[in-house]
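Here are a couple of exercises to work through with the coordinates open in your viewer. Try each one before you read its solution.

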Amino acid sequence: MSISLRECEKEVTGVVNQTLKEIFRQYFGMEVDLEKFHIDRHLSDAVTSRSTLSDKDILAIVALSIEKGLMDDMVAKIFKTSSCDHDEAAQSCINEITNIVTARVKTYLNEHGFDFGMGLPEVVNSRETKQGDLEMFFRAQDNRLAIDIGVEKEQSGYAAAP
Amino acid sequence: MSSGILPDAEETSILLVDDNLMTRTLTISMLEHFGFRDIDCAVSGMEAWERIVKMKSSGRLCDVILLDWNMPGMSGYDLLRRCREDRILDDVAIIMLTAENQKRNMLEAIKAGATSYITKPIAHEELFAKLSQAVAWKKKGSHCAV
């Protein structure tokens, strides 16, 4: 079954929401509910992790940002009294969440005619994902968590799956 | 956590291979909750391979390997294939851990010799169930896919 990227948007929203709920419930004992926005809403003092999906002439970037206070709570739940470095712990948390969310999006898209490959997540300084053809902004936990997805195809218009 | 102690956990040795600190920390916590005491870790495919070769030469292989699929350098999938091709871990159950839940990946893993497959985020109940099966098969002397 072939679909265009624009047609994916609603389903990808569902995949991202469902995946994040699972992660936060199982790993952190927290409930999250994503809200979708059409414009970017700024997060202050946040850690950001980014991963990429690529399929021939399509590039998608998934960026997850978590505000410092929320990140500290999450690290405390996992690492408790562990003596490991806080920054390393925080980066591992956010990278793994980004990894799982991106992988689930990849699975959905590849089951609908695409053939995305996935890069490893990494912590970055910028939340920039703007690619032009499709942009999705999600926020949760009183705007302390953000997931941004940006997709660009080399030619104008949306990609149809092969 | 709802799952209890796994029978024979204390006598079962596990090698956990994952490059992510959070995943290792969480998984070790679950394993200890299930009653496992002999838990070793490797943070990369290459480190795991070197550990396995040493274990083999000392005659003390682990019983179960929990192996992350997606790692920099030697991936878990590459390590799995190497182990099964070299026949170095014929009697060891290898459970793949992966964020991807595509059927195609699951089949690829089983074809390459994985005993079973767990999709991240790792759920306590699923890890408990897959480890129970792996330990049971180990007692019977086989790592057939469960």
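**Exercise 1.** Work out how much area is buried between chain B and chain A, and what share of it comes from carbon and sulfur atoms.

*Solution.* Start with the total: in this predicted model, the two chains bury about 2000 Å² between them, and carbon and sulfur atoms supply 60% of that. Next, see who pays on the chain B side: B:L21, B:M22 and B:P121 lose the most area to chain A, together 32% of what that side buries. Then count residues: 20 of chain B are in contact with 25 of chain A.

**Exercise 2.** Find the polar links across this interface, and the elements of chain B behind its side.

*Solution.* Begin with charges: three salt bridges turn up between chain B and chain A. One pairing to look at is A:K106 with B:E100, whose side chains come to 2.9 Å, N to O. Going on to polar contacts, you should get eight residue pairs. Now map the chain B side: α1 (21-34) and α4 (103-111) of chain B each give two or more residues, with α1(B) giving the most, five. Sorted by type, that side has nine nonpolar, seven polar and four charged residues.

**Exercise 3.** Give the strand order of the sheet in chain B, and say which strands stand at the edges.

*Solution.* Trace the five strands: the open, parallel sheet of chain B runs β2-β1-β3-β4-β5. β2 (38-42) and β5 (116-119) of chain B each have a single partner strand, so one side of each lacks a neighbour in the sheet. Neighbouring strands are turned by 20 degrees against each other on average, direction ignored.

Methods
Residues are numbered from 1 along each chain as its sequence is written. Chains are lettered from A and ligands numbered from 1 in the order in which they are written. This is a predicted model: local features need pLDDT of at least 70, side-chain atom pairs count only at pLDDT 80 or more; totals for chains, interfaces and linings use all residues. Side-chain values use heavy atoms; hydrogens and water are left out. Two strands pair if DSSP finds at least two bridges between them. Helices (H or I, at least four residues) and strands (E, at least two) are DSSP runs, numbered from the N terminus. Axes are lines fitted to C-alpha atoms, for helices over the stretch in contact, and angles run from 0 to 180 degrees between N-to-C directions. Contact means heavy atoms within 4.5 Å. Buried area is the accessible area (1.4 Å probe) that two parts lose on being put together, summed over both. A salt bridge is a side-chain nitrogen of Lys or Arg within 4 Å of a carboxyl oxygen of Asp or Glu. A polar contact is a pair of N or O atoms within 3.5 Å; within protein, one must be able to donate a hydrogen and the other to accept it, and residues adjacent in sequence count only if both atoms are side-chain atoms. Ala, Val, Leu, Ile, Met, Phe, Trp, Tyr, Cys and Pro count as nonpolar, Asp, Glu, Lys and Arg as charged, and the others, Gly among them, as polar.
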